[in-house]
Amino acid sequence: MGSGREAALEALTACRRLDAWSDGSLKAASRGLDRREAALAARLTYGVLQNRALLDFYLDRYCSQPFVKLEPFVRDVLRLGAYQILFMDRVPDSAAVNEAVKMVNHRKRQRASGFVNAVLRRLSREKGSLPVLPAQDEAACLALRYSHPAWLVRRLLKLLGREEAEAFLRLDNESVPTTIQRNSLRCTAGELTESLTESGARLAPHPWMPDCWEVGGGGDLESLPAFQKGLFQVQDAAAKAAVLAAGLRPGMRMLDVCAAPGGKSFAAAALMEDRGEIIACDIHPHKLALIEKGAERLGLHCIQTVQADGREERREWADGFDAVLCDVPCSGLGIIRKKPDIRYKDPKQLAGLPAVQSAILENASRYVRPGGVLLYATCTVLPEENGDVTAGFLSRHSEFTKEPFSLPGRQEQNDGTLTLWPQRHGTDGFYVCKMRKL
């Protein structure tokens, strides 16, 4: 069996060197670990990414040279050690220090072992009197405390105010239960919960979304018999809400324009009782294969995959669908709590997203039959990717109008648009706009 600390270091190295996503890197690095070590690897990897700016601030105060000038490998080892010392009460400081030194020596960096040992031991001795965070402006202070980019903190303060913005940032750095959705075509609620409980998973019904549970324990969910039998899929309640807003019924014809990895198509198929037709699109063949594999596991037969670019017109689809779903590429800033490395994206790279989103929505609108539904969704909370895009579209298309929708277990009213927030709804940050073609 391998070490969870080594797996975490490997995952962080892949994120840094290859610009890889943390979830995929962690999955690869944890292969072969027992459940306990895999859990440790996940806690360390995500913990370092969630608190990197704050860890770097403290470590810089205890290093004899600027932290930013250290070898990247040494920085990663120090961050892992510092995270254990400052955030993991059950790990003895001595173990955190000793394991960090071992990782350095294991890679034949003996010259750095004394330095790593000294920095972490000093941090351990003085963790009761850590340096005070600099008294900067409100956004900069929150950005450092919660290791978020200052530009995003400023936007959140403007959108939410101090109290809610800080709640959003705090939740981004806390552990998130995995939410699963029952496959109503394969099992009853009792059969699903019994199977998962027998596998050692801890279940709690989702606070407001029916047929969903928050799951802890049980290890890798994909290895469980209930998953392999297609009894459930992993899906946040926010994503399920987007599908529910469409008002799908058996026998309908639906187009999922940007479908991969397929979760919304699967949820739609279940709502339609696997009767009707769902065309699930993506531009990448390997992602279409993932959708096909998922549909087969869940026993869904009404889903057909098609390779297509959401911005390019397909005339044979004109006016051909009862519902068209556009879950468009976005900044992903609503799911930082699940993908902490999203916070490190270059904001300049996000500037072009609204144009792409508008082009997809514009093209997809051609496929909605008269009386049908056009649904626009993102997993971000920025107005320029959400309300600004849909408002611009509606200003150009008088044949579409927003239509209010309701969600089970929720009382709030909407005008056809809804932003879900982690600190308000206990879900991913998500935006949904429902439009009806007159």
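User: In this predicted model, what is the bridge partner of Arg202 in β3?

Analyst: Gly216 is the bridge partner of Arg202 in β3.

User: What makes β2 and β3 a strand pair?

Analyst: Two strands pair if DSSP finds at least two bridges between them. β2 and β3 (residues 212–217) have five bridges. Therefore they count as paired. The sense is antiparallel.

User: How do you know that β1 pairs with both β3 and β4?

Analyst: The cut-off is again at least two bridges. β1 and β3 share four bridges and pair in the antiparallel sense. In that pairing, Ile180 stands opposite Trp213 in β3. Three bridges join β1 to β4, also antiparallel. There, Gln181 stands opposite Gln233 in β4. Both counts reach the cut-off, so both pairings hold.

User: Why are β2 and β4 called edge strands?

Analyst: The sheet is open, has four strands and follows the order β2-β3-β1-β4 with antiparallel pairing. β2 (201–205) and β4 (232–234) each pair on one side only. That is what makes them the edge strands. On average, neighbouring strands of this sheet are turned by 35° against each other, direction ignored.

User: Is β1 mostly covered or mostly open?

Analyst: Mostly covered. β1 spans residues 178–182, and four of its five residues are buried.

User: What makes Phe227 and Phe232 an edge-to-face pair?

Analyst: Two values decide it. Ring centres must lie within 6.5 Å, and planes must be over 60 degrees apart. For Phe227 and Phe232, the centres are 5.5 Å apart and the planes are at 65°. Both tests are met, so the pair is edge-to-face.

User: How do you know that Trp317 and Phe321 qualify too?

Analyst: Their rings are 6.1 Å centre to centre, with 90° between the planes. Set against the limits of 6.5 Å and 60 degrees, this pair is therefore edge-to-face. Trp317 and Phe321 also join Tyr367 in one aromatic cluster. A search of the whole structure finds eight aromatic pairs.

User: Why are Phe227, Phe232, Trp317 and Phe321 called buried?

Analyst: Buried means under 20% relative accessible area. Phe227 has 13%. Phe232 has 0%. Trp317 has 8%, and Phe321 has 0%. Each value is under the cut-off, so each residue counts as buried.

User: Why does Lys437 count as buried?

Analyst: Lys437 has 13% relative accessibility. The cut-off is under 20%, so Lys437 is buried. Lys437 is found in strand β12 (residues 430–437).

User: What makes the approach of Lys437 to Asp319 a polar contact?

Analyst: The N or O atoms of a polar contact must lie within 3.5 Å. The side chains of Lys437 and Asp319 are paired at 3.0 Å, so the distance test is met. The Lys437 side chain also reaches the backbone oxygen of Val368 at 2.9 Å. Beyond four places in sequence, Lys437 touches residues including Ser365, Arg369, Pro370, Glu399 and Phe400.

User: Which residues have the most contacts inside the largest nonpolar core?

Analyst: They are Leu156, Leu248, Ile278, Ile303 and Phe430, in a core of 60 residues. Helix α13 (residues 237–245) supplies the largest share, six residues. A second, separate core has 34 residues, among them Leu55, Leu59, Val119 and Leu120.

User: Which residues does Ile303 touch, not counting those up to four places away in sequence?

Analyst: Ile303 touches Ser265, Phe266, Ala269, Ile278, Ala280, Ile291 and Ala295.

Methods:
Residues numbered from 1 in each chain as written. Predicted model: local features only at pLDDT ≥ 70, side-chain atom pairs only at ≥ 80, totals over all residues. Heavy atoms only, no water. Helix = DSSP H or I, 4+ residues; strand = E, 2+ residues; numbered from the N terminus. Buried < 20%, exposed > 50% of the residue type's maximum accessible area, 1.4 Å probe, protein only. Polar contact = N/O pair within 3.5 Å; in protein donor to acceptor, adjacent residues only side chain to side chain. Contact = heavy atoms within 4.5 Å. Axes fitted to C-alpha atoms, helices over the stretch in contact; angles between N-to-C directions. Core = buried A, V, L, I, M, F, W, Y, C linked by side-chain atoms within 4.5 Å. Phe/Tyr/Trp six-rings, centres within 6.5 Å; stacked < 30°, edge-to-face > 60°.
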